[in-house]
Each structure stands twice: as structure tokens, then as C-alpha cells.
Amino acid sequence: MTSDIDKPTIVGALACQRDSFLFSGFQTEVVSCNENKSKDKPRYEIELKDTILFPEGGGQPSDSGCIKLVGTDELIPVPSISRRGLHAMHHVDTEIQPGTKVEIIVDEAKRIDHMQQHSGQHLLSSILESSEFNAKTLGWSMGGIPTVKKPILEPSEYFNYIEIDRKLSIEDITKASKVINDIISMKPLPISVIERTPEMHEQVDSSKVPEDYDLEKGILRTIHIGDIDSNPCCGTHLNSTSQIESILILPNQTSVRGTNYRLYFMCGHRVRDYAQKTNKIISSIKLSLSCNESAIDEKITKLKDQVHQSSKREQFWIKELASYETTKIMNCINKNGKAYLLKDEFGSLEFLLQVFKELSPRLMALDKPYQIVLCGREGIQTGNPVGSLIILSESGETIANTVKELSPLLTNMRGGGGKNGGKWQGKITKFADIEWDALTIHLEQFNTE
């Protein structure tokens, strides 16, 4: 559906691009409302006469906000806005008739965060491309964008990155950080926008403008940071470098595409939030290790060595105990052809498999039928008991009958194998005490048969 009102404002001249600090109170009209054919987006696509909600572009994710029907209290969430050629499409789950007067509300915190990262990226790239550093920006990506699959991010996922054509030294990063933070806090520069109509486009390099943006009808915007930088960009930006607040550049870089490197950074509120979150993590580590910050690395190294030694001791005693249990099992097999092993709390699959490994050569040399059940349980103290089960026999029929006998006792038992004899292996989730006791009583019959 389309209204007969004036044509919508094109991307490049949207209200959000001309005044990036206009967050609410903006009234406009619905131009069109059509059903969305994409299954992974809200049901309707709405185009407005003009908008203060920015569609994704220039490496900057889209805004989010609400559409309020004028004269009502109804708020319609707008989770995303996309650009289609020269048009900004608002994705919503509610149909709004063309011609309807609406008021737009922007998620202010999200917009400011995006502007701090985006303007910060322009400043960072400008400084690195100067003759002092000679590192050209080839692309960038904004981090810190939650998704449906991952709504909560790790602190490190809030870093953005620029891809540059060489690796920077620690000295380069330290010097660049100082220069940029000085421009932010001590010697701030204005950030301005110049809009160029088609007849002026030749004044600017437009090679990075998306192919689906019609330059013959559109507007080419350039973002200027004082007199140190000028670049085409459709995104929303701050008014001054002081509003970036601060920048944090990590010394570690990732090699990509041969000689290129990704340099990670964050700006503004994110720096403060990152400091708070990492401080909380460090404080927790200090408490757990009973040490100060400077001793954390040494403490962790010692713990790793201790864990390694403990693991070696555990492996030694698992083998020793497995050998001992194997001898007991074989004594039972030699008497009546049946045996079982039950280990509660520390009966890991690793231990059961070691017993199986010890048993295998002895069972291969055996010239009589046998039936063996190995079962262990772990996780009792954590309230999430799980178990492992191994059934051994030279007969596939014996294995199948044993599984059939145990299934009613162990309702969460799953496994397979041993159709032609050998080994059946399975696991038991939610291995309750009553099931463990029932299994114990059942297997004790091996000793009386």
C-alpha cells in the first residue's frame, strides 16, 4: 500500500543524517506499508516520509526504536531499519496504513554508542594513515552487536576492528593512542558533514559507495574531522571529537589475508564499561588466588603445573586401580562367567574404559562365555548425577538381553554397539539414587547365580 503524499526523503538526506542528536519528538507520515517476504525479519516493511532512525550502512549497524501513532499511546517497536537503494525501510510486526501521522523515538543509548565507535574509527584511521604511521585502513567492523542467538556478549566482543595493511609495533600503538586521546580530550576538533548533489560528486572519491546506491539521484556525504580527515560516509556521527570521550587500542593484532592485520579498539562508554567488567573479573581472580594483580600470572602458571602433575598422578592411579579391578573381575568370570563393577561418584567413563582396556587381551584369550557389566556415576555432589555403562560379552544375544534387563531400571539410559558381541557402551542422564540402588541389587545376583 502506498500513499499519495510527497515522495519520501532519500537515504543521504534523512533527518537522522542531518541531525544525529535528534532522538524523539520527530513527526512524519507513513508513505508505504507492505508485507515482508523475508522470514527472518518482522512482518511488515514501512517507509516514512522522513525518519530519524538510521538504516544500516557504512559499517554502522541500524538504529532501533519505536513508532508512536500520533494521538495515541500505542508504541510499535522497530527492531531494525534497512536500506534498499535510496529508501529506508522500517521493519515492524504491526501494519500501519499509509498517510498515518507518526512520531519516531530512537534508542538514544544505542545511537550514541554507535556514533562513538564510528566517529572514533574515522579518527583512528585518519591518524594511522598519516605519514607518521603509514598504515592504510582497508575496512572495518563494529563489534558489540547482540544477536538473537547470542543476546549477551563477552566483554572482549565489544571491541571493533579496522583492517590495516601492515602490523603496528607496540610503540606505534602507544604513540597513536596518545595522539588520538589528545585530540579527543585536550585538543578537540569539530566533526562536520558536507552533502554533495550529483553534479558535485566528482569532487570526492566515490569508489567505496555501495553499488546499489544510485549516485545519479542520491547525495554523497563526506565526514570531516577538523582539517585532518575527510571521507565519504552515510553514517551518523558526533559533532566533536570530545564526544568520543576516549579510545582503547589493544596491542594484540590478528593476521588476515596475507600481510593485512586487524587492530582492535573501542571508544566512549564502552571503554568505561569494559574497565568495570574487567576490574570485576580481576578482583574475583585476586580473591580466588589470594594475590595482587602483579602475582596473577605467576599464580596461574603454578596452578597449571599443579593441575598437570595432579592429572599425571590421577592417570597413574586410574591404571593401578583398573588393573586391580580387572583381576577381581577375571576371578569372578573364571568362577561363574559373570562379573560386574560399580563405582559411585568417581566412576568416570575414563576409568571404565581403562578397565575395558585391561580386560580386552584377557577376554580374547578366554575360551568360555562371559557377561560383564561396568557402571560408574559422577556429579552427585553437584546435584546432576550422570553415569556411564559398558556391557561386555562374546555374544550379541547376551548383550541385547542384558540391555533389555537393565532398561526398566535405568529410564534415561542410551547407548549402542555389540550386536555381534564385544562391547555395548552407553550413558545415563539424571542417574537418580533409587536407580543406582536398583541396579546394585540387580547386579548382586551375579554372585548368587
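# Arg 83, two sheets and their helices

The side chain of Arg 83 places a polar atom 2.8 Å from the backbone oxygen of Gly 85. The side chains of Arg 83 and Asp 212 are also joined, by a polar contact of 2.8 Å. A polar contact is a pair of N or O atoms within 3.5 Å; within protein, one must be able to donate a hydrogen and the other to accept it, and residues adjacent in sequence count only if both atoms are side-chain atoms.

The model is predicted, so local features need pLDDT of at least 70 and side-chain atom pairs count only at pLDDT 80 or more, while totals for chains, interfaces and linings use all residues. Residues are numbered from 1 along each chain as its sequence is written, and side-chain values use heavy atoms, with hydrogens and water left out.

Arg 83 belongs to strand S5 (residues 80–84). Strands (E, at least two residues) and helices (H or I, at least four) are DSSP runs, numbered from the N terminus. With neighbours within four places in sequence left aside, Arg 83 is in contact with Val 11, Pro 55, Glu 56, Pro 210, Asp 212 and Tyr 213; contact means heavy atoms within 4.5 Å.

## The sheets

One open sheet has 3 strands in the order S10-S11-S12, paired antiparallel. Two strands pair if DSSP finds at least two bridges between them. Strand S10 (191–196) and strand S12 (229–232) are the edge strands, each pairing on one side only. From one strand to the next, the twist averages 20°. Strand S11 (residues 220–225) is antiparallel to S12, with 4 bridges between them. His 224 has Ser 230 in S12 as its bridge partner.

Another open sheet has 4 strands, ordered S8-S9-S14-S13 with antiparallel pairing. Strand S8 (137–141) and strand S13 (247–256) each have a single partner strand, so one side of each is left without a neighbour in the sheet. On average, neighbouring strands here are turned by 25° against each other, direction ignored. S8 and strand S9 (residues 160–164) run antiparallel and are joined by 4 bridges; Ser 141 stands opposite Tyr 161 in S9.

The table lists helices that lie on these sheets. Axes are lines fitted to C-alpha atoms, for helices over the stretch in contact, and angles run from 0 to 180 degrees between N-to-C directions.

| Helix | Strands touched or lain across | Angle |
|---|---|---|
| H2 (residues 108–128) | S10, S11 and S12 | about 70° to S11 |
| H2 | S8, S9, S13 and S14 (260–267) | about 135° to S14 |
| H4 (residues 269–289) | S9, S13 and S14 | about 85° to S14 |

## The helix pairs

H2 also packs against helix H3 (residues 170–185), at an angle of about 130° and with the axes 10 Å apart. H2 and H3 are therefore oblique to each other. Angles under 35 degrees count as roughly parallel, over 145 as roughly antiparallel, 65 to 115 as roughly perpendicular and the rest as oblique. In this contact H2 supplies Leu 123, Leu 124, Ile 127 and Leu 128, and H3 supplies Ala 176, Val 179, Ile 180, Ile 183 and Ile 184. By class, these are 9 nonpolar, no polar and no charged residues. Ala, Val, Leu, Ile, Met, Phe, Trp, Tyr, Cys and Pro count as nonpolar, Asp, Glu, Lys and Arg as charged, and the others, Gly among them, as polar.

Helix H5 (residues 296–336) and helix H6 (residues 349–364) have axes that come within 8 Å and cross at roughly 50°. H5 is thereby oblique to H6. The contact includes Ile 318, Leu 321 and Lys 319 of H5, together with Phe 351, Glu 358 and Arg 362 of H6. The contact of H5 with H6 has 9 nonpolar, 5 polar and 5 charged residues.
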